[in-house]
Amino acid sequence: HECSPRLEPRLDWGGGGLAGLELREDNLLGTGQHVAAYWGQQYDERIYGASYATPQFLGTLLDAEFAVAKTANGTLFAESLSYPFRGEGGRWAWRQRVEHEDRYFEYFAPGDDGLVRVLFPERRRSMDVGGVFRLGRRGSLTLLGAALAGEWIIYPGGMRFADRDEE
């Protein structure tokens, strides 16, 4: 079983230092599983998180992805389950995904010394579920599908100036 772990630094060119580090493996013990963990700084806040993905969740034919993190102003949680077409004879495929993310919406406004970067806290929640049916013979297939998706965004707090200590 081959392993190829990678350690990936993220540099802050403006600040001249290390902004973060990610350790990841995209083929864990030759199983096709992905695992990753990271830490760093974003908007002067510590961030960290982890993700996992597998093409055979709990020994089934389901693909699964999970991610959790502490973001600069909250949390992130993402989950996805899917059943992809299996070979050319597979008739059904479907996917379901849920995500919650606290992040900043970045806005540039005119200031005394040029543009000022302003950050607005943003809470984003989304979901989708859909399926596809394949009919016909190989070489002449028709796909019929449907999906339902939704996204909810709120701005729960006041603004923050990213480039200044206080305003």
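A salt bridge here is a side-chain nitrogen of Lys or Arg within 4 Å of a carboxyl oxygen of Asp or Glu. By this rule the count comes to 12 salt bridges in this predicted model. The close-up views below visit some of them, along with a surface patch and a loop.

**View 1. R6 and D26 meet in a salt bridge.** Let us start with a pair of opposite charges. The closest N and O atoms of D26 and R6 are 3.2 Å apart. D26 sits in the loop between β2 (17-25) and β3, while R6 belongs to strand β1, so this pair ties together parts that are 20 residues apart in sequence. How open to the surroundings are the two partners, buried or exposed? Neither word fits: D26 is partly exposed, with a relative accessible area of 33%, and R6 is partly exposed too, at 37%.

**View 2. R6 has several neighbours around its place in strand β1.** Stay with R6 for a moment and look around it. Leaving aside residues up to four places away in sequence, R6 touches E22, L23, R24 and D26. Its side chain also makes a polar contact of 2.8 Å with the side chain of E8. Step back a little, and a network of salt bridges comes into view, linking R6, E8, E22, R24 and D26. For a sense of distance, try finding Q56: R6 and Q56 are 50 residues apart in sequence, and their C-alpha atoms are 23 Å apart in space.

**View 3. D102 and R123 form a salt bridge between two strands.** Here the N to O distance is 2.6 Å. D102 lies in strand β7 and R123 in strand β8 (residues 114-137), so the pair ties together parts that are 21 residues apart in sequence. Which of the two partners is buried? It is D102, because its relative accessibility is 5% and buried means under 20%. R123, at 26%, counts as partly exposed.

**View 4. D102 is surrounded by contacts within the model.** Strand β7, which holds D102, covers residues 92-111. A polar contact of 3.4 Å joins the side chains of D102 and H100. Beyond residues up to four places away in sequence, D102 touches T71, N73, G74, T75, E122 and R123. One of these neighbours, E122, has a salt bridge with R124, at 3.0 Å from N to O. E122 is buried, with a relative accessible area of 2%.

**View 5. Four nonpolar residues share a patch on the surface.** Which residues form the nonpolar patch? Look for L11, L18, W39 and Y48. Together they have about 410 Å² of accessible area. One of them, L11, is found in strand β1 (residues 6-12). At 44% relative accessibility, L11 counts as partly exposed.

**View 6. Two residues in a loop have positive phi angles.** Our last stop is the loop between β3 (34-42) and β4 (45-54), where Y43 is found. What is the phi angle of Y43? It is positive, about 50°, although Y43 is not a glycine. D44 lies in the loop between β3 and β4 as well. Its phi is also positive, at about 65°, and D44 is not a glycine either. D44 counts as exposed, because its relative accessibility is 63% and exposed means over 50%.

Definitions and conventions. Residues numbered from 1 in each chain as written. Predicted model: local features only at pLDDT ≥ 70, side-chain atom pairs only at ≥ 80, totals over all residues. Heavy atoms only, no water. Helix = DSSP H or I, 4+ residues; strand = E, 2+ residues; numbered from the N terminus. Buried < 20%, exposed > 50% of the residue type's maximum accessible area, 1.4 Å probe, protein only. Patch = residues over 30% accessible without salt bridge, like charges linked within 9 Å, V, L, I, M, F, W, Y side chains within 5 Å. Areas by Shrake-Rupley, 256 points an atom, 1.4 Å probe, with all protein chains shown as cover. Contact = heavy atoms within 4.5 Å. Polar contact = N/O pair within 3.5 Å; in protein donor to acceptor, adjacent residues only side chain to side chain.
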